[in-house]
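Take a look at the chain below. Then read on for a short tour of its fold, its main pocket and one residue.

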Amino acid sequence: MSKFLLLAFWSCTLCLNAQSHILQTQTEIDQQVWKPFQDAFESLDAAALNSIYAQQVLRVTPSGIDTDNSFRAKNLDRFASSKADGVAIDLDFWFESRHTNASTSYEVGYFRISYTTPNGENSINYGQFHIVLKKIDQQWKITQDWDTDTILGKKISAADFGTKSPREF
């Protein structure tokens, strides 16, 4: 019986250590990717946003598949246009799941992007994302980025987004 208890205790200790390491890694990802991502989006800093991505990225949207990194130029154009028009952007998101090891993380969540014009007009877009991150030269980078605004043919709504609270960094 005492061998069984010792084995059970040892197994629990290993599980807690592994869980602790995963949480530390996800905190590192939050600081290296998600907080800078949100900051870059909200400050309309496309260069900072683009720097969070790896050199080669698979980007998938409802518009199609981008394997030649053309999304980077689109970020530059879109943010420059928003700045010129005086548009303010707020980005909020939360994670539905995160599967992480020492070198790779697969993260699924929901986002809300709010656009406010200088005259106070507001529009809000909701969506879901699936992101693959890789640790490259000691820095976490986005290597795959997929998002959509529909699930099973249904538009993602405020109610869908509202099932959890947005992340705060």
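The report below moves from the whole chain to the pocket and then to a single residue.

This is a predicted model, in which local features need pLDDT of at least 70, side-chain atom pairs count only at pLDDT 80 or more, and totals for chains, interfaces and linings use all residues. Residues are numbered from 1 along each chain as its sequence is written, and side-chain values use heavy atoms, without hydrogens and water.

The chain has 4 helices and 8 strands. Helices are DSSP runs of H or I with at least four residues, and strands are runs of E with at least two. Of the 169 residues, 36% are buried (under 20% relative accessible area, 1.4 Å probe, protein chains only).

The largest pocket holds about 740 Å³ of space. A pocket is an open set of points on a 1 Å grid over the protein atoms alone, where a 1.4 Å probe fits, with protein on both sides within 12 Å along at least five of seven lines; lining residues have an atom within 4 Å of a point. The volume is the space filled by probe spheres set on the points. Helix α3 gives the largest share of the lining, 5 residues. Arg59, Thr61, Arg78, Phe111 and Asp147 lie nearest the pocket centre.

These elements are among those that each supply at least two lining residues:

| Element | Residues |
|---|---|
| α1 | 2–42 |
| β1 | 53–61 |
| α3 | 70–84 |
| β6 | 139–148 |

Now take Glu107, in strand β4 (residues 104–116). Glu107 counts as buried because its relative accessibility is 0%.

Key
Buried < 20%, exposed > 50% of the residue type's maximum accessible area, 1.4 Å probe, protein only.
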